[in-house]
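Let's look at the labels attached to this structure and ask what stands behind each one. Questions come from the bench, and answers follow.

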Amino acid sequence: MNILLLGSGGREHALAWKMVQSHHCDQLYIAPGNAGTTQFGINLPISVTDFPAIKAACIEYRINMLVVGPEEPLVKGIYDFFQADPVIISLPQDMQNLQRRILRKAPPIFVSTPYLLY
C-alpha cells in the first residue's frame with residue numbers, strides 16, 4: 001500500500017516512523033515533511049492545504065491511503081474534497097460533524113473570527 005502522510009511536525013515524524021514498520025506500507029510519501037522524515041519516506045513539496053496538488057500526487061504516486069496529521073487541512077475541508085474519490089482518508093468519518101457541533105456550541109464571536117478557525 002502506498003501512503004501519503006500530510007504534515008511536517010513532530011507528530012508526523014512519529015507517525016512516519018511507525019507507518020514504515022507496518023508490512024502493509026510499501027512506500028511512504030510525506031507532504032511537505034521535514035528533514036527527519038526523509039529517513040522514513042519521500043518528502044513531497046506540497047502544502048497541506050493545496051488540495052488539487054495533493055489529489056494530483058495521489059494519482060501520480062498511486063496513493064491508497066491519505067493520512068492527515070495537522071488540523072488545518074481538516075478545518076479547510078480536505079475530507080469533503082476527497083469524499084467522492086477512491087483514496088482512503090484516515091480520519092474519523094464523523095470528523096466534519098464533530099467540528100460543526102463544536103462550532104454550533106461556540107459563542108458567536110468564535111465562529112465569526114477567521115483567525116480562530118486556523
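Q: Why is C58 called buried?
A: In this predicted model, C58 has a relative accessible area of 4%. Buried means under 20%, so C58 earns the label.

Q: What makes C25 buried or exposed?
A: The relative accessible area of C25 is 13%. That value also falls under the 20% cut-off, so C25 is buried.

Q: How many disulfides does the structure hold?
A: Zero. To count, a pair of cysteine sulfur atoms would have to lie within 2.5 Å.

Q: Why does R62 count as exposed?
A: Its relative accessibility is 67%, and exposed means over 50%, so the label fits R62. You will find R62 in the loop between α2 (51-60) and β4 (65-68).

Q: What is the phi of R62?
A: It is positive, at about 50 degrees, although R62 is not a glycine. Most residues other than glycine have a negative phi.

Q: Which residues does a cis peptide bond join?
A: That bond lies between A31 and P32, with omega at about -5 degrees. P32 belongs to strand β2 (residues 27-32).

Q: Why is the pair of Y29 and Y61 called tilted?
A: The structure holds three aromatic pairs. In the one formed by Y29 and Y61, the ring centres are 4.6 Å apart and the planes are at 35 degrees. Centres within 6.5 Å make a pair, and planes under 30 degrees apart would be stacked while those over 60 would be edge-to-face, so this pair is tilted.

Q: What makes the pair of Y29 and Y61 tie together parts of the chain?
A: Y29 sits in strand β2 while Y61 is in the loop between α2 and β4, so the parts that the pair ties together are 32 residues apart in sequence. Y29 is buried at 10% relative accessible area, whereas Y61 is partly exposed at 25%.

Q: Why is the pair of F51 and F81 called tilted?
A: Here the centres are 5.6 Å apart and the planes are at 45 degrees, so the pair is tilted. F51 is in helix α2 and F81 in helix α4 (residues 78-82), 30 residues apart. F51, F81 and F82 form one aromatic cluster.

Q: Why is F81 called partly exposed?
A: Its relative accessible area is 34%. Partly exposed is the range between the cut-offs of 20% and 50%, so F81 belongs there. F51, with 9%, is buried.

Definitions and conventions
Residues numbered from 1 in each chain as written. Predicted model: local features only at pLDDT ≥ 70, side-chain atom pairs only at ≥ 80, totals over all residues. Heavy atoms only, no water. Buried < 20%, exposed > 50% of the residue type's maximum accessible area, 1.4 Å probe, protein only. Helix = DSSP H or I, 4+ residues; strand = E, 2+ residues; numbered from the N terminus. Phe/Tyr/Trp six-rings, centres within 6.5 Å; stacked < 30°, edge-to-face > 60°.
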